[in-house]
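Q: I have a structure to go through before group meeting. Can you take some questions on it?

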Amino acid sequence: MRKKDIELILRKYLKKTGRQRTLDTLNKDDCKIPTKKDIEKKSAPKLSFTIQKAPERKIDIEVVPKRKKKRKSETEAVNFFSENIMKIPDTFKNLATTIGLPEAHLDFFYKHRDRFHWEVKKDRKIYCTGKRGMCNFNTIVAPKCLFDHMVIEHFHRELKCKENNCFYVGYSETNMKMHAAQFHGIAKFGSLRNNGFPCTYLPCDYAGTSYADLQKHQAVHENKLHRCEFCTYSSPAPKNLDFHMLSHFRILNFECHLCPSKFSRQLDLSRHQKCHTNENFECNYCHDAFEKRHLLQKHLSSCETRLNYVKNR
Ligand SMILES: [Zn+2]
Ligand SMILES: [Zn+2]
Ligand SMILES: [Zn+2]
Ligand SMILES: [Zn+2]
Ligand SMILES: [Zn+2]
Ligand SMILES: [Zn+2]
C-alpha cells in the first residue's frame, strides 16, 4: 500500500471518529507522513557544539618592489641554461679569462677546480672524447681547440634532422641515429597523448607530464641545445654535457677493480666490465688468463705487475 493511501485512510478514519484536533495536527506540514523525498531533504543533524575557527595568523610580509617584467624570450633563455647556478668568485672568473676558458663552462671548471693545475701551461690539456674516450689526441685548452680534429679525424659535420617540424641539427652520423631513435623512434619516452601537455610540433605525438617537461622536449625541435665550446658536441640534456666535459679532462671517478681502466660514468664502467665476464678472465696487468672470475680475483691480490702499478701510482 502506498503512503498516500495510508494517509487518506487515516484521515477518513479520524474524521469519522471525530478526532478533529488530531486531524488539524496532521494537516500541519511537519506532521505529514514523510515521503522518501522529504527524508532526503532532511538536513544533517546539528552538532551539539560549534566548531570555532582558529584565529587568523597575521604574518608581516615584507613588501618587495615589483621587478620589471623581463621579455619572454629573455626569461626563457635564463631558465634554459641556469639549472645549476653556482656562485663563482671573481678571482676564479679572472683566472678563467686569462687562460681562455669559455664562460659557458665556468660552472664545470669551478665545481672541479681541485682537479686542474691551470698555473702549469703544459697541464692545461684537453683530450678528445672521440671513440668513447679511446682517442688519445690532446691539445692546450682554448675555445674551439678540438673542432678541426673532430671534423678531420672523426668526420663530424652538421646534419639536419629530416623529420617534419624538427629543426634539430646533429654533429655526427652516430648522434643523428641516437636522435632519430630517442626523439622520433622506438626508444622514445612519454608519447602518451593523455599526458596533458601535448607537443605543438605536429605530427609529433609526444605529450609531457608538465609544462617544464614539454619545454624540454620542444627545445629539441627548436635545436636549443647545450653545447661544448671546445668541440662539435651538443646535447639537449645538461647532464650529458657535464659527462662530456669530465671526459675531455679525463676526470675519471669510476675505476674498474679488475684492471687499470677508469671511466667518467658508471654506465661506461658497467659496459667495460662486461669484457671481464668472457670465458677467459685475463689479468690486464700481466695478461695471465684464468678460467673462473674468482681465480682472477685471487690472482689480482698477488699479481706483482699489479702491485707495482698500484705502488707507483
Ligand atoms: Zn679524437
Ligand atoms: Zn628530429
Ligand atoms: Zn614534439
Ligand atoms: Zn667537447
Ligand atoms: Zn676492467
Ligand atoms: Zn697479473
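A: Yes. One definition to start with: a disulfide here is a pair of cysteine sulfur atoms within 2.5 Å. Keep in mind that this is a predicted model.

Q: OK, by that rule, how many disulfides does the count come to?

A: The count comes to zero disulfides.

Q: What about Cys199, buried or exposed?

A: Cys199 is buried, because its relative accessibility is 3% and buried means under 20%.

Q: Now the metals. What coordinates the zinc ion (ligand 1)?

A: Its protein donors are Cys128 (SG), Cys135 (SG), His149 (NE2) and His154 (NE2), which lie 2.0 to 2.2 Å from the ion. Along the sequence these donor residues follow the spacing C-x6-C-x13-H-x4-H.

Q: Where do Cys135 and His149 lie?

A: Cys135 is in the loop between α7 (130-133) and β2 (138-140), while His149 is in helix α8 (residues 147-154). The two are 14 residues apart in sequence, so the pair ties those parts together.

Q: And which geometry do the four donor atoms have around the zinc ion (ligand 1)?

A: Tetrahedral, because the angles they subtend run from 103 to 118 degrees. The cut-off is that all angles lie between 85 and 135 degrees.

Q: Are those two residues, Cys135 and His149, buried or exposed?

A: Both Cys135 and His149 are buried. For Cys135 the relative accessibility is 12%.

Q: Next, the zinc ion (ligand 2). Which residues coordinate it?

A: Cys161 (SG), Cys166 (SG), His179 (NE2) and His184 (NE2) do, at 2.0 to 2.3 Å. The site of this zinc ion (ligand 2) is tetrahedral, with angles of 99 to 115 degrees among the four donor atoms.

Q: What spacing do the donors of the zinc ion (ligand 2) follow along the chain?

A: C-x4-C-x12-H-x4-H. Within that set, Cys161 and His184 link distant parts of the chain, being 23 residues apart. Cys161 sits in the loop between β3 (159-160) and β4 (169-170), and His184 belongs to helix α9 (residues 173-184).

Q: How accessible are they? I mean, what are the values for Cys161 and His184?

A: Cys161 has a relative accessible area of 13% and is buried. His184 is at 24%, so it counts as partly exposed.

Q: Stepping back, how many helices and strands are in the chain?

A: There are 14 helices and twelve strands. The chain has 313 residues, and 29% of them count as buried. Of the contacts with a separation of 6 or more, 34% come from residues 24 or more positions apart.

Q: Pick a helix. Which residues of α12 are buried?

A: In helix α12 (residues 266-273) the buried ones are Asp268, Leu269, His272 and Gln273. They sit on the same side of α12, because they cover an arc of only 135 degrees around the axis.

Q: Why would residues three or four places apart point the same way?

A: Because an α-helix has 3.6 residues a turn.

Q: And what covers the buried residues of α12?

A: Among the elements covering them are β9 (254-255) and β10 (262-263).

Q: Different topic, Thr97. Where is it found?

A: Thr97 is in helix α5 (residues 90-99). At 62% relative accessibility Thr97 is exposed, and its side chain reaches the backbone oxygen of Lys93 at 2.7 Å.

Q: What about Arg124, buried or exposed?

A: Arg124 is buried, at 18% relative accessibility. Its place is the loop between α6 (106-111) and β1 (125-127). Leaving out residues up to four places away in sequence, Arg124 touches Ile99, Trp118, Glu119, Thr139, Ile140 and Val141.

Q: Now backbone oddities. What kind of peptide bond joins Leu202 and Pro203?

A: A cis peptide bond, with omega about 10 degrees. Pro203 lies in the loop between β5 (197-198) and β6 (207-208). In general, most peptide bonds are trans, and most residues other than glycine have a negative phi.

Q: What is the phi of Phe155?

A: Positive, about 55 degrees, although Phe155 is not a glycine. Phe155 is in the loop between α8 and β3, and with a relative accessible area of 63% it is exposed.

Q: And what is the phi of Asn223?

A: Asn223 has a positive phi of about 60 degrees, and it is not a glycine either. Asn223 is in the loop between α10 (211-221) and β7 (226-227). At 18% relative accessibility, Asn223 counts as buried.

Methods:
Residues numbered from 1 in each chain as written. Chains lettered and ligands numbered in written order. Predicted model: local features only at pLDDT ≥ 70, side-chain atom pairs only at ≥ 80, totals over all residues. Heavy atoms only, no water. Donors = N, O, S within 2.8 Å, 3.2 Å for Na, K, Ca; no water. Tetrahedral: all angles 85-135°; square planar, octahedral: opposite > 155°, others 65-115°. Helix = DSSP H or I, 4+ residues; strand = E, 2+ residues; numbered from the N terminus. Buried < 20%, exposed > 50% of the residue type's maximum accessible area, 1.4 Å probe, protein only. Arc of directions from axis to C-beta. Contact = heavy atoms within 4.5 Å. Polar contact = N/O pair within 3.5 Å; in protein donor to acceptor, adjacent residues only side chain to side chain.
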